[in-house]
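The exercises below are meant to be worked with the sequence and the 3D view side by side. Try each task before reading its solution.

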Amino acid sequence: MGEVCKKCGSTGWDDSGFCSCEVGKRYAAERFRERQIEAGIPPRHRGVRFDNLHEQLNQPAEAARGFANAYQEHKKTGTGLLLSGPVGRGKTWLACAVLNELIAAGITVRFINVNDFFTDYHASLKMERRYADPLFKAQGVELLLMDDLGKENLSEAKLKTLYALLNHRYDNLRPTIITANLPLKDVYVALYRLLGEDTTAEAITSRLTQCNKVLYCRGKDLRTIRKG
Ligand SMILES: [Zn+2]
């Protein structure tokens, strides 16, 4: 039996929230883990923080940390992040470092894998429960991470759904973080083929770039140098 905490009586709580004692720290860590699960952070990425990223990510990490620190400012304009680069360059690690930082700060976030999102969304169209609609949920969350854009084929239906999601979030000043394997010009070409008119394709592409800070992840394929 340890000593009773003078600040919180070992309840783990004081007036300002979790106490700084061992009991308080344990409760804070448990609450953090619960909020990560609610946010859909995959188990592999729950331990990712800015201080344990691979050194190859130092440069984009500095900018990403700057984004997390200034989040309340970015929220006013709905500014998000677009992390671009080839597969295996640590885009998801970096995005999750931002999310985990913001979860710790009490922000409500949601992680979605773009491919899984489309699968769930098209399955939900067969049901008539709007509250369970993945699009509805992704539109409404304060900060959304869309991981792995460009891995799947951008069919007409998917592009329309993507546009509905991004446009809704844009109009409501909700920041979105996107990790993308495909160059933006490919998005533009796909949109142009689909929509036919230059201005709409341009509008969506500029929506992706103008309301997001663009960070590039370059270098070696980290999957070949990271163990496990
Ligand atoms: Zn205490």
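**Exercise 1. Helix α2**

Task: Find the buried residues of α2, and work out why they line one face of the helix.

Solution: Begin with the list, bearing in mind that this is a predicted model: the buried residues of α2 are P60, A61, A64 and F67. Next, look down the axis of α2, where these buried residues fall within an arc of 115°, so they line one face of the helix. Then turn to the face pointing away from that buried side, which carries the exposed residues N58, E62, G66 and N69. Ask, too, what lies over the buried residues of α2: the cover includes α3 (71–77), β3 (80–84), α4 and β7 (212–216). As a last check on the geometry, α2 (residues 58–69) has twelve residues and reaches 16 Å from its first C-alpha to its last, close to the 16 Å expected at 1.5 Å a residue.

**Exercise 2. Strand β6 and its partners**

Task: Decide whether the two faces of β6 are covered or open, and identify which strands pair with β6.

Solution: Take the strand residue by residue, counting a residue as buried when 20 or more other C-beta atoms lie within 10 Å of its own. T176, I178 and A180 are buried on one side of β6, and I177 and T179 are buried on the other, which leaves both faces covered. Five of the five residues of β6 (residues 176–180) are therefore buried, so the strand is largely enclosed by the rest of the structure. Now follow the pairing: β3 runs parallel to β6 and is joined to it by four bridges, while β5 (residues 143–149) also pairs with β6 in the parallel sense, over four bridges. I178 of β6 serves as a reference point here, since L82 stands opposite I178, and M146 likewise stands opposite I178.

**Exercise 3. The largest nonpolar core**

Task: Establish how many residues the largest nonpolar core has, and which helix gives the largest share of it.

Solution: The largest nonpolar core has 48 residues, and those with the most contacts inside it are L94, A97, V98, L99 and L145. Helix α4 (residues 91–104) supplies the largest share of this core, namely nine residues. To see how one of these core residues is surrounded, take L145, which, leaving aside residues up to four places away in sequence, touches A95, L99, V109, F111, I112 and I177. For the wider setting, 32% of the 228 residues of the protein count as buried, and the protein has ten helices and seven strands.

Conventions:
Residues are numbered from 1 along each chain as its sequence is written. This is a predicted model: local features need pLDDT of at least 70, side-chain atom pairs count only at pLDDT 80 or more; totals for chains, interfaces and linings use all residues. A nonpolar core is a set of buried Ala, Val, Leu, Ile, Met, Phe, Trp, Tyr and Cys residues joined through C-beta atoms within 7 Å. A residue is buried if 20 or more other C-beta atoms lie within 10 Å of its own, exposed if 12 or fewer, and partly exposed in between; C-beta atoms are placed from the backbone. Two residues are in contact if their C-beta atoms, placed from the backbone, lie within 7 Å. The expected span of a helix is 1.5 Å times one less than its number of residues. The arc is that of the directions from the helix axis to the C-beta atoms. Two strands pair if DSSP finds at least two bridges between them.
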